[in-house]
Amino acid sequence: MTPDVDLVVAGAGGGLAAAVRAAELGLDVLVVDPDPHFRRGNNTSMSTAMVPGPGSRFQAAAGIDDSPERFLDDIVRKTGGTADLRIATALAEVGAELVEWLADHVGVPIELPTDFAYPGHSVPRVHSLPGRHGSTLLRHLTDAVERSDRIDLLVPARLVAVRPEVGRGVRAVVEDPDGTCEEIVARAVLLATNGYGADAGLVRTHLPEIAGATYHGGEHSRGDALRIGAELGAATGYLDAYQGHAALSAAAQTLVTWTAVMHGAAVVDTGGRRFGDETTGYSEYAAALAARPGGRGWMVFDERIDGLCRAFGDYQDVLAAGAVRTADSVAGLAAVIGVPADTLAAEVEDLARVVSGERDDPFGRTSATPLVPPLCAVEIVPALFHTQGGLLVDEHARVLDTAGDPVPGLYAAGGAAAGISGHGAAGYLAGNGLLPALGLAYLAAGHLARSVPTVRSTAPEGAR
């Protein structure tokens with residue numbers, strides 16, 4: 001019997017890349033998602049739309065020399081050699097193709113910021129779009145889905161089980177909000193349900209160091225892929241990995257871009273003291289901030305940095321919420337934010353002396369610029385954005401069982417799959433959430449298309 005569809009995609013975030021790519025390659029697709037507000041409520045829409053694409057034509061146009069090998073070196077360095085190199089290699093090699101496909105076939109207005117490099121990236125390779133907001137990226141993907149007559153969207157509906165169908169692929173069990181279940185026979189299922197960040201119990205079990213922080217991700221990221229995978233004998237890995245962020249505005253509950261730090265901002269605790277090298281990365285700095293008295297602090301910067309951050313939609317939201325405090329002097333800012341003036345002044349002065357070469361930073365920071373009044377500050381709290389561990393997959397995004405063999409008809413992408421950030425939070429590089437979300441989805445669609453003889457001829461030569 002012919003399957004109902006070729007591919008069921010569970011998750012209308014980065015998984016939409018699989019739907020669009022699969023349809024482009026001649027497959028029929030059904031997308032299911034439990035969130036009726038997925039266009040603004042999932043992790044893709046809440047992201048800063050950053051995708052590493054080493055060796056892309058956008059880099060070439062900007063005169064940037066990069067390659068998948070260089071990106072891999074950065075991943076190995078940032079993760080201390082603990083990343084899954086098979087997946088990291090596959091994603092590094094597909095990154096440029098992915099961002100160019102997003103531009104050419106999905107219509108995303110890709111651009112490459114080159115005025116700074118995010119922590120751990122040795123060159124500018126993190127592609128984004130105007131406004132730097134994932135909601136715009138998701139809108140373009142959703143528009144592409146709606147233009148295709150090969151893709152159906154079933155929302156709200158949750159994938160609750162995947163059952164093998166001998167000789168026919170798999171049977172996807174989909175549940176409506178009223179509890180009614182429908183079974184759909186498909187050649188394959190892609191789990192793009194994100195991770196388990198919304199399940200407080202799983203977070204306490206696997207991520208105790210960040211369990212007390214604010215969760216700033218999709219409410220439906222409840223570990224569905226882990227449960228469905230376990231029922232099919234799937235292997236898991238890197239469940240202790242996550243992306244944290246040390247710069248969630250306490251007042252606006254949206255992100256203060258870490259671009260501020262890369263342009264020279266300082267992070268101080270509630271006593272006005274710096275407590276580490278902020279440039280090591282915003283993910284690992286979340287746990288460091290969580291460990292300070294009160295579990296919060298302040299990002300301190302000047303008007304120059306304020307101007308540079310205004311290209312980010314999230315920062316515009318912080319401004320609109322009135323969360324940016326200002327003063328004409330260090331003493332004035334200290335009074336506004338309630339920290340000791342002499343302590344804050346000493347930190348600002350010491351950082352300026354590091355910049356001038358008069359002293360070494362006790363925390364090892366080497367990149368900064370003097371902060372010149374008028375000054376600004378935003379109260380920040382640590383946050384868990386999404387988990388980075390999940391089902392083990394191969395270079396085609398196929399889910400693997402505990403013996404290392406592919407589970408028939410099952411793929412995983414994004415937070416549903418084990419990522420490329422190693423263990424903990426310190427291995428996270430900017431874009432290492434969206435790259436596995438979009439990249440593994442893209443790879444899964446290509447692999448499935450090649451395995452279906454009736455559509456194989458429709459795939460462009462060399463399609464992954």
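Accessible areas come from the Shrake-Rupley method with a 1.4 Å probe, and for residues only the protein chains shown count as cover. On that basis, the protein has an accessible surface of about 16,900 Å², and carbon and sulfur atoms hold 50% of this area. The structure is a predicted model, in which local features need pLDDT of at least 70 and side-chain atom pairs count only at pLDDT 80 or more, whereas totals for chains, interfaces and linings use all residues. Residues are numbered from 1 along each chain as its sequence is written, and side-chain values use heavy atoms, with hydrogens and water left out.

It helps to start with the overall fold. The protein contains 16 helices and 18 strands; these are DSSP runs numbered from the N terminus, helices being H or I over at least four residues and strands E over at least two. The C-alpha trace spans about 75 × 45 × 40 Å along its principal axes. The radius of gyration is taken over C-alpha atoms, and the globule rule is 2.2 Å times the number of residues to the power 0.38. For 464 residues a compact globule would have a value near 23 Å, so the 22 Å of this protein agrees with the rule.

Burial and contacts fill in the picture. Of the 464 residues, 59% are buried, where buried means under 20% relative accessible area, exposed means over 50%, and partly exposed lies in between (1.4 Å probe, protein chains only). A contact means heavy atoms within 4.5 Å. Among contacts between residues at least 6 apart in sequence, 73% join residues at least 24 apart.

Next come the charges. Lys and Arg count as positive and Asp and Glu as negative, while His and the chain ends are not counted. Each charge is placed at NZ of Lys, CZ of Arg, CG of Asp or CD of Glu. The protein carries 35 positive and 57 negative charges, and the mean positions of the two sets are 1 Å apart.

Side chains of opposite charge can pair when their charged atoms come close. The structure holds 27 salt bridges, each being a side-chain nitrogen of Lys or Arg within 4 Å of a carboxyl oxygen of Asp or Glu. One of these salt bridges joins D6 and R187, with an N to O distance of 2.6 Å. Because D6 belongs to strand 1 (residues 5-10) and R187 to strand 8 (residues 181-191), this pair ties together parts that are 181 residues apart in sequence. D6 is buried at 10% relative accessible area, whereas R187 is partly exposed at 31%.

Another salt bridge is formed within a helix. E231 and R227 pair at 3.9 Å, N to O, and both lie in helix 8 (residues 224-231), four residues apart, or about one turn of the helix. R227 is partly exposed, with a relative accessible area of 35%. In the salt bridge between E278 and R274, the closest N and O atoms are 3.0 Å apart, and both residues are buried. Salt bridges that share partners also join D66, D74, R77 and R125 into one network.

The backbone offers some details worth a look. Most residues other than glycine have a negative phi, and most peptide bonds are trans. Against that background, the peptide bond from V155 to P156 is cis, with omega near 0°, and P156 sits in the loop between strand 5 (151-154) and strand 6 (158-165). A cis peptide bond also joins P373 and P374, with omega about 5°; P374 is in the loop between helix 14 (341-356) and strand 15 (375-387).

Positive phi values occur at Q253, near 55°, and at A397, about 75°. Q253 lies in the loop between strand 11 (242-249) and helix 9 (259-262), and this residue is partly exposed at 38% relative accessibility. A397, by contrast, is buried at 0%, in the loop between strand 16 (390-391) and strand 17 (398-400).

A final loop residue is G295, located between helix 10 (282-290) and strand 13 (297-302). G295 is buried, with a relative accessible area of 19%. Leaving aside residues up to four places away in sequence, G295 touches L289, A290, V381 and P382. The C-alpha atoms of G295 and G212 are 9.1 Å apart in space, with their positions 83 residues apart in sequence.
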